[in-house]
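Me: I am learning how the words used for a protein model are justified, and I would like to go through one structure step by step. Could you tie each term to its cut-off as we go?

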Amino acid sequence: MPPHVLILGGTAEARSLAAGLAARAGIRVTTSLAGRVARPAALPGRVRVGGFGGPDGLAAWLRDHQVDAMVDATHPFAELITAQAARAAAATEIPAVFLRRPGWQPAPGDDWHPVPSLEAAGAALPGLGRRVFLSTGRLGLAAFARIPDRHFVVRSVEPPEPPLPPDHHLVLARGPFTVAGETELLRAHRIDVLVTKDSGGEATSAKLTAARNLGLPVVVVRRPPLPPGVTAVPDVAGVRARLGRWLGPGAV
């Protein structure tokens, strides 16, 4: 039977990896999505949606479906599933590789304010600005729900659930975004401070360039650390190299 690879997905890198592996005749690919997006774009190979029931449930799934290798290509802030994947891999002794795109780095002219959490981002806003572009996704907005005297422009792929900031304007949009488009958005809403997570990648980095060009401060939420003992590769090529060692170079 061809080797079976489980991809914990939800990112552009996971999609690219699934497409490349599914095109190979000698490999089976299953991509698992958390189910937070109601209408995800079509993916090559098999797709499952929803949680596994914790690390024990994931370990059982790996055994029951005869998975030969696992790839965690989830979002850099998907802390829980990454921890579960590390524990399930250790329990089953199934090889696992963790993909994390490199984080953003400040450039000359940037006015960045790194913080460890969304709550710390909210606490950093006094003194930085009153009109806030909140580009942190639709999860975790409760951290800003009780901040008074601030107007928030909230951007999300899908409508977020409450609690939300009391004074907010919702923008529904999916990247990639352009510098020109981000600059126009910041100007149109008279934004004077940007809040974002350090997601990395090019799809949503244009807002950082726009903020730099406009001289706006940026509150950057740092990534959570990887689980103890886990190291990551930065790109799809690194994942394929690992899979080639485990499954044989002809497989990937």
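Reply: Let us begin with a term: a salt bridge is a side-chain nitrogen of Lys or Arg within 4 Å of a carboxyl oxygen of Asp or Glu. Please keep in mind that this is a predicted model.

Me: What makes glutamate 182 and arginine 155 a salt bridge?

Reply: The side chains of glutamate 182 and arginine 155 come to 2.7 Å, taken from N to O, and the cut-off is 4 Å, so the pair fits the term. Glutamate 182 belongs to helix H5 (residues 179-188) and arginine 155 to strand E8 (residues 151-156), so this pair ties together parts that are 27 residues apart in sequence. Glutamate 182 and arginine 155 are both buried.

Me: Why is aspartate 110 called buried, and not exposed?

Reply: Buried means under 20% relative accessible area, and aspartate 110 has 18% relative accessibility, so aspartate 110 counts as buried.

Me: Why is arginine 212 called partly exposed?

Reply: The partly exposed class lies between buried, under 20%, and exposed, over 50%; arginine 212 has 25% relative accessibility and therefore falls in that class.

Me: How do you know that aspartate 110 and arginine 212 form a salt bridge?

Reply: Their side chains meet at 2.9 Å, N to O, which is within the 4 Å that the term requires. Aspartate 110 sits in the loop between E5 and E6, while arginine 212 sits in helix H6 (residues 206-214), so the pair ties together parts that are 102 residues apart in sequence.

Me: What makes arginine 101 and glutamate 13 another case?

Reply: The closest N and O atoms of arginine 101 and glutamate 13 are 2.9 Å apart, and as the limit is 4 Å, this pair too is a salt bridge. Arginine 101 lies in the loop between strand E5 (96-99) and strand E6 (111-115), and glutamate 13 in helix H1 (residues 12-22), so parts that are 88 residues apart in sequence are tied together. Both of these residues are buried. Over the whole structure, the search finds 5 salt bridges.

Me: How many salt bridges cross the interface of domain 1 and domain 2?

Reply: The rule finds 0 salt bridges across that interface, although it does find 2 residue pairs in polar contact there. The domain assignment gives domain 1 as 4-102 + 225-247 and domain 2 as 112-221, and about 720 Å² is buried between them, with carbon and sulfur atoms giving 52% of that area.

Technical notes:
Residues numbered from 1 in each chain as written. Predicted model: local features only at pLDDT ≥ 70, side-chain atom pairs only at ≥ 80, totals over all residues. Heavy atoms only, no water. Domains from an automatic or database assignment. Buried area = accessible area lost by both parts, 1.4 Å probe. Polar contact = N/O pair within 3.5 Å; in protein donor to acceptor, adjacent residues only side chain to side chain. Helix = DSSP H or I, 4+ residues; strand = E, 2+ residues; numbered from the N terminus. Buried < 20%, exposed > 50% of the residue type's maximum accessible area, 1.4 Å probe, protein only.
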